[in-house]
Amino acid sequence: MCTFDKDKGPRRLMRKGLTLIFIGHINFILGAIVHGNVLRHISKPSKHITTEYTAANIISVTSGLLSITTGIIAILVSRNLTLIKMQIGLLISSFLNTLLSAACSVGLLLAISLTIAHDGRGLMEGCNNTEVPINARSPVNPFCPFDTTRIYDTALALWIPSAVLAAVEAGLSVWCFLVGLTLRGMAPCGNSYIKEQFEEEALTNRNTAVTEFPSQGQSLIGQRSNPDI
């Protein structure tokens, strides 16, 4: 996991960054749809939303935004491997996105499990009559101002792919974090040879500059010593 080739590595890092941006946009849109089609009904009329659904939705939207940011930083780092600020930015953003995406995936799995286990009763907080037993899988209840079956199916249809995408975001963020450790030469990726490649390239460029400088100096001395010139 800590191997990073100087020639093929930047292209792979750019692809991972583009993938993070794409998945982050999809996850953000899914979270917005869940809020618009599901949670807005739960908040009426008592203005009460169950904690697990709110936390899962907020983390999902935030994870999508942070994944987009991490993808952009990864693309910038792929074009500027030796910039220390870019490397530190990749380390911080990928680390935070790993934690947030993992929490998002776990939270969504918890919301899915609770919804299935309780037949979607937590999604029925917006119904007018709370004394009547409510089952989201039953036909439309006259005390509910919305289609309960549709809310149940919509929530599960959006939460399941969102949980999978959050897990993919976490995996890509871990890979970007290891790349950052490799570029900085930090443990456990401190023994990678990428730093030696950079040092060899810098030494080669320095020797080339030194070799070119004496030749230019000799030509200038020759021009001064020749009165015709």
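**Exercise 1.** How far does the backbone oxygen of Leu 81 lie from a polar atom of the side chain of Gln 87? Place Gln 87 in the fold and list its contacts.

*Solution.* The model is predicted, so local features need pLDDT of at least 70 and side-chain atom pairs count only at pLDDT 80 or more, while totals for chains, interfaces and linings use all residues. Residues are numbered from 1 along each chain as its sequence is written, and side-chain values use heavy atoms, with hydrogens and water left out.

Step 1. The distance is 2.5 Å. A polar contact is a pair of N or O atoms within 3.5 Å; within protein, one must be able to donate a hydrogen and the other to accept it, and residues adjacent in sequence count only if both atoms are side-chain atoms.

Step 2. Gln 87 belongs to helix 3, which spans residues 84–117. Helices (H or I, at least four residues) and strands (E, at least two) are DSSP runs, numbered from the N terminus.

Step 3. Gln 87 has a relative accessible area of 3% and is therefore buried. Buried means under 20% relative accessible area, exposed over 50%, partly exposed in between (1.4 Å probe, protein chains only).

Step 4. With neighbours within four places in sequence left aside, Gln 87 is in contact (heavy atoms within 4.5 Å) with Val 77, Leu 81, Thr 82, Leu 183 and Arg 184.

**Exercise 2.** Describe the surroundings of Ser 63 and of Ser 93.

*Solution.* Step 1. Ser 63 sits in helix 2, residues 51–79, and is buried because its relative accessibility is 0%.

Step 2. The side chains of Ser 63 and Glu 169 are joined by a polar contact of 2.8 Å. In sequence the two are 106 residues apart, and their C-alpha atoms are 8.5 Å apart in space.

Step 3. Beyond four places in sequence, Ser 63 touches Asn 97, Leu 100, Ser 101, Cys 104 and Glu 169.

Step 4. Ser 93 lies in helix 3 and is buried at 7%. Its side chain reaches the backbone oxygen of Leu 90 at 3.4 Å. Residues up to four places away aside, Ser 93 touches Leu 66, Thr 70 and Ile 73.

**Exercise 3.** Which residues does Leu 20 touch, not counting residues up to four places away in sequence?

*Solution.* Step 1. Leu 20 is in helix 1, residues 9–42, and is buried, with a relative accessible area of 0%.

Step 2. Leu 20 touches Ser 67, Ile 68, Thr 70, Gly 71, Asn 97, Glu 169, Leu 172, Ser 173 and Cys 176.

Step 3. Leu 20 and Leu 66 are 46 residues apart in sequence, with a C-alpha to C-alpha distance of 9.4 Å.

**Exercise 4.** How many disulfides does a search of the whole structure find?

*Solution.* Step 1. A disulfide is a pair of cysteine sulfur atoms within 2.5 Å.

Step 2. The search finds zero. Cys 104 is buried at 1% relative accessibility, and Cys 176 is buried at 0%.

**Exercise 5.** Summarise the protein as a whole.

*Solution.* Step 1. The protein has five helices and zero strands, running α-α-α-α-α from the N terminus.

Step 2. Of its 229 residues, 40% count as buried.

Step 3. Among contacts between residues at least 6 apart in sequence, 74% join residues at least 24 apart.
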